Amino acid sequence: MESNHYKDFSNIGCTVPSRVDKRSKKDPTLVNINGIQIGGSEVIIIAGPCAIENREQLLETAKLVYAGGANILRGGAFKPRTSPYSFQGLGEEGLKYLAEARKQTGMPVVTEVMDTRQMELVCGYTDIVQIGSRSMHNYPLLKEAGKCPKPVLFKRGMMATIEEFLLAAEYILCEGNQNVILCERGIRTFETTTRFTLDLGAVPVLKRLTHLPVVVDPSHGTGHSWMVPSMAKAAIAAGADGIMVEVHNKPLDALSDGKQSLYPDDFAQLVKDVEKVAHAIGKKLLLHKPAPV
Ligand code: PEP
Ligand code: MN
């Protein structure tokens, strides 16, 4: 039992906007994606390539992550790349492959939207709309996501405080969309050995302050595939409702983020290890439904 002292929010230096505030809603928000609930007692796994590169790569990776235990398939068709000369994604062609992978595996899919003008198109293909770290401050996009009929996977800006993150999430809720999943994906610090500093402390803070589900992306959060399993397990131990990890059928050939992408076999092992951590803290891993025949 928590003491009253622990229930007091004033010991966290953060003002919480009303709609995301845990005190405004008795029960935790459960985001339902085709029967998969995020935010309850079951830990969920989102996996797939950073970018959809071609049909074969996506379908192959989708089958492998499904076999390894993924519940939801990820893959970017519109990619926010640091360099304008890097692969920018296949656009609508990629969304079509994503829809095909969804049909073949039965897994719901999540993909990023970067521009208000793409919202309708992306919503037409995806089960969850992702707003990436670089777009966290794109308020017109947040308002658009607030009006869209799909749940939103909302990533923390790499230079945003938790308060700024929550205020940005509030924009989405203000427009009527309550189905927001918060995602910690690492922040910029002075550290250079990792791509970002995965702020796992944000997990208990967000859980304490909001009713929204929280997932962690240890792939972007570390930048190194060898670190992903440890940080994925740590994320679940810290109370995250799920993880999102990048997996590629051939990481060495990946057009983006190969260094942080897991081999499918390592992903399958990670899922088994995450399951043990989930059990240790009184949760379960969501077992996926059998693939449609
Ligand atoms: C991603 O998940 O595809 C991505 C680009 O991540 P982030 O927005 O966190 O950099
Ligand atoms: Mn990536």
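How are the donor residues of the manganese ion (ligand 2) spaced in sequence? They follow the pattern C-x169-H-x25-E-x10-D. Keep in mind as you explore that this is a predicted model.

## The manganese site

Let's put names to those letters. The manganese ion (ligand 2) is coordinated by Cys50 through SG, His220 through NE2, Glu246 through OE and Asp257 through OD. These donors sit at 2.0 to 2.4 Å.

Two of these residues are worth finding in the structure. His220 belongs to helix H8 (residues 218-222) and Glu246 to strand E10 (residues 242-246), so this pair ties together parts that are 26 residues apart in sequence. Are His220 and Glu246 buried or exposed? Both of them are buried.

## Around ligand 1

His220 turns up again here, as one of the residues around ligand 1. The others in this group are Arg74, Lys79, Pro80, Glu112, Gln130, Gly132, Ser133, Arg134, Lys155, Arg185 and Met244.

Several polar contacts can be picked out. A polar side-chain atom of Arg74 is 2.8 Å from an oxygen atom of ligand 1, and a polar side-chain atom of Lys155 is 2.7 Å from an oxygen atom of this ligand. With Ser133, it is a backbone N or O atom that lies 2.8 Å from an oxygen atom of ligand 1.

## Rings and a charge

Now for the aromatic side chains. The count comes to 2 aromatic pairs. One of them joins Phe154 and Phe165, whose ring centres are 5.5 Å apart. There are 35 degrees between their planes, and the pair is classed as tilted. Phe154 is in strand E7 (residues 152-155) and Phe165 in helix H6 (residues 162-174), so the two rings tie together parts that are 11 residues apart in sequence. Both phenylalanines are buried.

Arg185, listed among the residues around ligand 1, also has a ring to look at: it lies over the face of Phe196, at 4.1 Å from the ring centre.

## Asn71, a buried loop residue

Where does Asn71 lie? You will find it in the loop between helix H2 (55-68) and strand E4 (72-74). With a relative accessible area of 2%, Asn71 counts as buried, because buried means under 20%.

The side chain of Asn71 has polar partners in the backbone. One of its polar atoms lies 2.8 Å from the backbone nitrogen of Ile45, and the side chain also reaches the backbone oxygen of Leu286 at 3.0 Å. Beyond its neighbours within four places in sequence, Asn71 is in contact with residues including Ile36, Val43, Met107, Pro108 and His288.

Terms used. Residues numbered from 1 in each chain as written. Chains lettered and ligands numbered in written order. Predicted model: local features only at pLDDT ≥ 70, side-chain atom pairs only at ≥ 80, totals over all residues. Heavy atoms only, no water. Donors = N, O, S within 2.8 Å, 3.2 Å for Na, K, Ca; no water. Helix = DSSP H or I, 4+ residues; strand = E, 2+ residues; numbered from the N terminus. Buried < 20%, exposed > 50% of the residue type's maximum accessible area, 1.4 Å probe, protein only. Phe/Tyr/Trp six-rings, centres within 6.5 Å; stacked < 30°, edge-to-face > 60°. Lys NZ or Arg CZ within 6 Å of the ring centre and 35° of its normal. Polar contact = N/O pair within 3.5 Å; in protein donor to acceptor, adjacent residues only side chain to side chain. Contact = heavy atoms within 4.5 Å. Near = heavy atom within 4 Å.
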